[in-house]
Amino acid sequence: METDDIMALNDSHHPTFFENLKRVYNFVAKVFLYSIILIMVFLGVLFFTYALDYVKNISKGNYKPLYGAYVIVSPSMVPTIKVQDAVVVKNVPPEKLRKGDIITFISTDSRYAGLTVTHRIIDIEKSEDGKFLFRTKGDNNNTPDDALVTQDNIDGRVFLKIPKIGYLQYFLSQSYGWIICIVLPCLAVIAVEIVRIFKTARRSVVRRIKREKPDFKTKKQRNAHKVEVISTQKEERNKKKKEEEEEIEIITMDDFD
């Protein structure tokens, strides 16, 4: 078979459903793996920053963490922050807080006493001893909070909102969610890597055998050879059939004469 015919034969091959499915699976597995790596890097940076800040604040007697994360369960900040959104807060000095900042704090309000609340600062005052007091209000509430927020009750200022992450948190808290989102993808990635290792090992064996036996052919090469032989036989049959038809036509013309 000519080289052009072999190339044309290879070009005519269309991916099967399972080949397309494998490509999609490999793409999803890579995206998942890279996402996990990015998340781990992000968490590593946060942990490192948190550890440095913790060591620094121990000497000052300040044990508040540098960062915190909370899932919103109340519609009081809609539409700015919706239910099941998550907020990430950073512990900042009270003198750096401004009107319009959204803060997370331990409330002393009669409606939310003892609860962790995320509301917006609408006014700033100072107590007689020089400490900051903050008037807060939920964007979706008609009236401000009854109680002022003391600087000691503030966990931090919101600097990041992650929409609807609370649903994922709830899903992962269930055993089936943990299995579907964590266990199965990890097992799938491990399985893909094991298959890849076996394929690499198989290629190494094939290369070694080829060095020892130059005439050795892999299964793929044998199949390609079969396709080539079948195609050649088909061409020969077509050629023979055409010659027979031409002979019949000549004989028929002679009889006519």
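**A seven-stranded sheet, its cores and a nonpolar surface patch**

Ile-194 is found in helix H4, and this residue is a convenient place to begin a walk through the predicted model. With a relative accessible area of 42%, Ile-194 counts as partly exposed, because that value falls between the 20% limit for buried residues and the 50% limit for exposed ones. Ile-194 belongs to a nonpolar patch on the surface, together with Tyr-170, Tyr-176, Trp-178, Ile-179, Ile-180, Val-183, Leu-184, Leu-187, Ile-190 and Phe-198. The accessible area of these residues together comes to about 1,100 Å². Helix H4, which spans residues 175-212, gives the most to the patch, contributing ten residues. Such a patch invites a comparison with a broad tendency. In soluble globular proteins, nonpolar side chains tend to be buried together.

Turning to the sheet, seven strands form an open arrangement in the order S1-S2-S7-S3-S4-S5-S6, with antiparallel pairing. Strand S1 (67-71) and S6 stand at the edges; each has a single partner strand, so one side of each is left without a neighbour in the sheet.

Strand S5 (residues 132-137) offers a closer view of this pairing. Strand S4 (residues 116-126) and S5 pair in the antiparallel sense over six bridges, and Arg-120 stands opposite Lys-137 in S5. The two strands form a hairpin with five residues between them, and in the turn Gly-130 has a positive phi of about 90°. S5 is also joined to strand S6 (residues 149-150), again antiparallel, through two bridges; here Leu-133 stands opposite Thr-150 in S6. Five of the six residues of S5 are buried, so this strand is largely enclosed by the rest of the structure.

The interior can be described through its nonpolar cores. The largest holds eleven residues in all: Val-92, Leu-97, Ile-103, Phe-105, Tyr-112, Val-117, Ile-121, Phe-132, Phe-134, Val-149 and Ile-154. Strand S3 (102-106), S4 and S5 each supply at least two residues of this core. Apart from this core lies another, of seven residues, among them Met-77, Ile-81, Val-89 and Val-158.

Within the largest core, Ile-154 makes a helpful reference point. Leaving aside residues up to four places away in sequence, Ile-154 touches Lys-64, Leu-97, Ile-103, Thr-104, Phe-105, Phe-134 and Val-149. Among these contacts, Leu-97, Ile-103, Phe-105, Phe-134 and Val-149 are also members of the largest core.

Notes. Residues numbered from 1 in each chain as written. Predicted model: local features only at pLDDT ≥ 70, side-chain atom pairs only at ≥ 80, totals over all residues. Heavy atoms only, no water. Patch = residues over 30% accessible without salt bridge, like charges linked within 9 Å, V, L, I, M, F, W, Y side chains within 5 Å. Areas by Shrake-Rupley, 256 points an atom, 1.4 Å probe, with all protein chains shown as cover. Salt bridge = Lys/Arg side-chain N within 4 Å of Asp/Glu carboxyl O. Helix = DSSP H or I, 4+ residues; strand = E, 2+ residues; numbered from the N terminus. Buried < 20%, exposed > 50% of the residue type's maximum accessible area, 1.4 Å probe, protein only. Pairing = 2+ DSSP bridges. Core = buried A, V, L, I, M, F, W, Y, C linked by side-chain atoms within 4.5 Å. Contact = heavy atoms within 4.5 Å.
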